[in-house]
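Q: I would like to learn how to read a structure such as this one. Where should we start?

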Amino acid sequence: MAKYETMLVTSSALDEEASAALIGKFKSLIEANGTIDSVDDWGKRHLAYPINDETEGVYTVIKFTADPSFPAELDRVYKITEGVLRTIIVAEEA
């Protein structure tokens, strides 16, 4: 098991319920394949540059522990999910 940190930026065009459901989907996926250490909701922030004609996004940082093979699957799910603007998954140093 290794420790990871992921940041995802979701569309600010989603209402609060849809945004919470989207984040909940990723939380449950992570919990099914590891454990969540912490969740930090940064809220809506201005983007440095427009992404898909959007100038704001909702930022969420999740720290979790999982098998080394899981981040590839998480990244795949991020890429096929509508409403996700940008993501990054980083392995934390031991």
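A: Start with one residue: F70 counts as buried, because its relative accessibility is 4%. Buried means a relative accessible area under 20%, exposed means over 50%, and partly exposed lies in between, with a 1.4 Å probe and protein chains only.

Q: What kind of model is this, and how are its residues numbered?
A: The model is predicted, so local features are given only at pLDDT of at least 70 and side-chain atom pairs only at pLDDT 80 or more, while totals for chains, interfaces and linings use all residues. Residues are numbered from 1 along each chain as its sequence is written, and side-chain values use heavy atoms, leaving out hydrogens and water.

Q: How do I read the sheet, and what is the order of its strands?
A: Helices (H or I, at least four residues) and strands (E, at least two) are DSSP runs, numbered from the N terminus. Two strands pair if DSSP finds at least two bridges between them. Here four strands make an open sheet with antiparallel pairing, in the order β2-β3-β1-β4. The edges are β2 (34-51) and β4 (84-91); each has a single partner strand, so one side of each lacks a neighbour in the sheet. On average, neighbouring strands are turned by 15 degrees against each other, direction ignored.

Q: How many bridges join β1 to β3, and how many join β1 to β4?
A: Ten bridges join β1 to β3, and the two run antiparallel. In that pairing, T10 stands opposite V58 of β3. Between β1 and β4 there are seven bridges, again in the antiparallel sense, and L8 stands opposite T87 of β4.

Q: What about β2 and β3?
A: Twelve bridges link β2 with β3 (residues 54-66), in the antiparallel sense. G43 stands opposite Y59 in β3. In the hairpin of these strands, two residues lie between them, and N52 takes a positive phi near 50 degrees. Another bridge pairs I36 with F64 in β3.

Q: Which strands does helix α1 touch?
A: Contact means heavy atoms within 4.5 Å. Axes are lines fitted to C-alpha atoms, for helices over the stretch in contact, and angles run from 0 to 180 degrees between N-to-C directions. Helix α1 (residues 16-33) packs on the sheet and touches β1 (2-11), β2, β3 and β4, its direction making about 140 degrees with that of β2. Helix α2 (residues 70-80) also packs on the sheet; α2 touches β1, β3 and β4, at about 170 degrees to the direction of β4.

Q: How far apart are the end C-alpha atoms of α1?
A: The expected span of a helix is 1.5 Å times one less than its number of residues. For the 18 residues of α1 this should be 26 Å, and the end C-alpha atoms are 26 Å apart, which agrees.

Q: Which residues of α1 are buried?
A: They are S19, L22, I23, F26 and I30. Seen down the axis, the buried residues of α1 fall within an arc of 90 degrees, so they line one face of the helix. The arc is that of the directions from the helix axis to the C-beta atoms. Their cover includes β1, β2, β3, α2 and β4. The face of α1 turned away from the buried side carries the exposed residues E17, E31 and A32.

Q: Is T10 buried or exposed?
A: T10, in strand β1, counts as buried because its relative accessibility is 0%. Leaving aside residues up to four places away in sequence, T10 touches S19, L22, I23, G57, V58, G83, V84 and L85. By contrast, P50 in strand β2 is exposed, with a relative accessible area of 56%.

Q: How many aromatic pairs are there?
A: Rings of Phe, Tyr and Trp (its six-membered ring) pair if their centres lie within 6.5 Å; planes under 30 degrees apart count as stacked, over 60 as edge-to-face and the rest as tilted. The structure holds four aromatic pairs. One of them is Y4 with F64, stacked at 5.6 Å centre to centre with 25 degrees between the planes. Y4 lies in β1 and F64 in β3, so this pair ties together parts 60 residues apart in sequence. Another is F64 with F70: the centres are 6.0 Å apart and the planes at 85 degrees, so this pair is edge-to-face. Y4, F64 and F70 form one aromatic cluster. Both Y4 and F64 are buried.
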